[in-house]
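Let's work through a few short exercises together. Keep the sequence and the 3D view open, and try each task before reading its solution.

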Amino acid sequence: MDALQTVVNFVLNDLGSAVFVPALMLIIGLCMRMKFSEAFTSALTLGIAFSGMSLLIGYMMDSMGAAAQSLTEHTGITLSAVDGGWPGMAAISWAWPYAFLMFPLTIGINILMLIFNKTKTLNVDMWNVWNKIFTAVMVSYISGNVIFGFIAAGLQIILELKAGDMWGPEVEKLTGIPGVTVPHFVTLITVILHPIDEILKKIPFFDKPMDADALKEKIGIFGENSVMGAIIGLVLGLAGGYGVAGALQLAVQAATAMMLFPMISKLFSQALSPISDAISEFMKKKFSGKEVYIGLDWPILAGRNELWVAVIITIPVLLVMSIVLPGNQVLPFAGIINLSFVIGALLLTDANLGRMIVHGVVSAPLFLYGASYFAPYITRLANETGAATVEQGKMLSWSTFEGPDFRYLMSTAFSGEMLSVILLVGWLGLFYWLYRSKTKSSELIPNEEY
């Protein structure tokens, strides 16, 4: 057990995704009979793409996040739960004593589902194993049973793989990269957003193309990536009390990020297309053309500027709701840039900016109430593991808590609350509706195998 924990810690914490994922892709490429030089070049380019996108996202989060936090501080409101964001949750999740067991569980379920043709997704995004650990901890704390925690995490792994299957065609459409998908837990917010999206599509205004390209045609220079970024940065800077000079600097920083995101995203295509072609050719020869998606982390979608426009526009909405919603205990701070809705919204709406913004608004209360509900249990985890120090009378949470609906229903259903059991069954029914809807529209399921 200690040896396994050491290996897992080395792979995930010491190597990191920019080294581990490319190394794994190099091995996959060689197994697919690629020449070493081609496989190595593709893997190295993928590492460069991850590093470049990580730097750019960090740059965007630092500049925009600081302005958003300044806006938060200007409210003068204080609430009892400190917003630690996702990095804080990841850190304390890995400190859980049973965390290392999630690594073999994730791989084992994926391999079994591939063998029995229950998924097309090979998930190599091992960093986000922490998300499954976090679910297991919350369910085990609330239900009082560690086994229930691992059962809930196992179901999450299965749902993520099925989500990877249904998002594959959409990811290719949005990124231009064949054979990859995003089997990330963050996309499962679409389960409850899907019914809302179906209603929005019946409204003529929201059913029209509203991605970045469509906006350029309609509003000219104001639809340019850099111009949109500059406008948003300027407004956010002024609202955050930066003054004219500071707001102008933020405008240029936002414009820079919005201009560079599509450039960096092209590296993913350059890296992954040869590997995807090799996998496709190998499958045709060995397995009668069986299709396999390589599951990667969400940053491969970060080149879509609709994602960043929607998430920044909804910052004030999240802040206002945190102040006015009765019972909310979390003031958005580290998690105020709400990636927990926008990635799923991007995939669900086919980058329709109007519908993405609506989804950000309607889902904001769900995230805040979810963060408030789980705050005592997150604080308990931090204190028990010693991974974070929480002052007496305060709590630790995450304002844009990923999957609050799923985690709440799993935790309370395993605690024996009958209403939650019924609602969980309903949630799974909504997932099935979403899955069938997306796979049917993309012609992903030619037979009853899926």
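## Exercise 1: A small sheet

Thr 181 has Gly 295, in strand 4, as its bridge partner. Keep in mind that this is a predicted model.

**Task.** Work out in which sense strand 3 and strand 4 pair, and which strands stand at the edges of the sheet.

**Solution.**
- Step 1: Start from the pair. Strand 4 covers residues 293-295, and strand 3 pairs with strand 4 in the parallel sense over 2 bridges.
- Step 2: Now widen the view. The open sheet has 3 strands in the order 2-4-3, with parallel pairing.
- Step 3: Strand 2 (121-123) and strand 3 (180-181) each have a single partner strand, so they stand at the edges and one side of each lacks a neighbour in the sheet.

## Exercise 2: Buried or exposed?

**Task.** Classify His 194, Leu 44 and Tyr 373 as buried, partly exposed or exposed.

**Solution.**
- Step 1: Recall the cut-offs: buried is under 20% relative accessible area, exposed is over 50%, and partly exposed lies in between.
- Step 2: His 194 sits in helix 8 (residues 190-200). Its relative accessible area is 1%, so His 194 is buried. Beyond neighbours within four places in sequence, His 194 contacts Leu 348, Trp 433, Leu 434 and Ser 437.
- Step 3: Leu 44 belongs to helix 3. With 47% relative accessibility, Leu 44 is partly exposed.
- Step 4: Tyr 373 lies in helix 15 (residues 353-385). At 29%, Tyr 373 is partly exposed too. Not counting residues up to four places away in sequence, Tyr 373 touches Ile 142, Tyr 408 and Thr 412. The C-alpha atoms of Tyr 373 and Asn 328 are 8.8 Å apart in space, with the two positions 45 residues apart in sequence.

## Exercise 3: A nonpolar patch

**Task.** Find the residues that make the nonpolar surface patch, and the helix that gives the most to it.

**Solution.**
- Step 1: Leu 30, Phe 36, Phe 40, Leu 44 and Ile 48 make a patch of about 480 Å².
- Step 2: Helix 3 (residues 36-73) gives the most, with 4 residues.

## Exercise 4: Confidence

**Task.** Say where the pLDDT is below 50, and how to treat that stretch.

**Solution.**
- Step 1: Begin with the whole chain. The average pLDDT is 85, and 87% of the residues score at least 70.
- Step 2: Over residues 444-450 the pLDDT falls below 50, although the stretch has 21 contacts in the model beyond near neighbours in sequence.
- Step 3: Where pLDDT is low, predicted coordinates should not be read in detail.

Note on methods
Residues numbered from 1 in each chain as written. Predicted model: local features only at pLDDT ≥ 70, side-chain atom pairs only at ≥ 80, totals over all residues. Heavy atoms only, no water. Pairing = 2+ DSSP bridges. pLDDT = per-residue confidence, 0-100. Contact = heavy atoms within 4.5 Å. Patch = residues over 30% accessible without salt bridge, like charges linked within 9 Å, V, L, I, M, F, W, Y side chains within 5 Å. Areas by Shrake-Rupley, 256 points an atom, 1.4 Å probe, with all protein chains shown as cover. Salt bridge = Lys/Arg side-chain N within 4 Å of Asp/Glu carboxyl O. Buried < 20%, exposed > 50% of the residue type's maximum accessible area, 1.4 Å probe, protein only.
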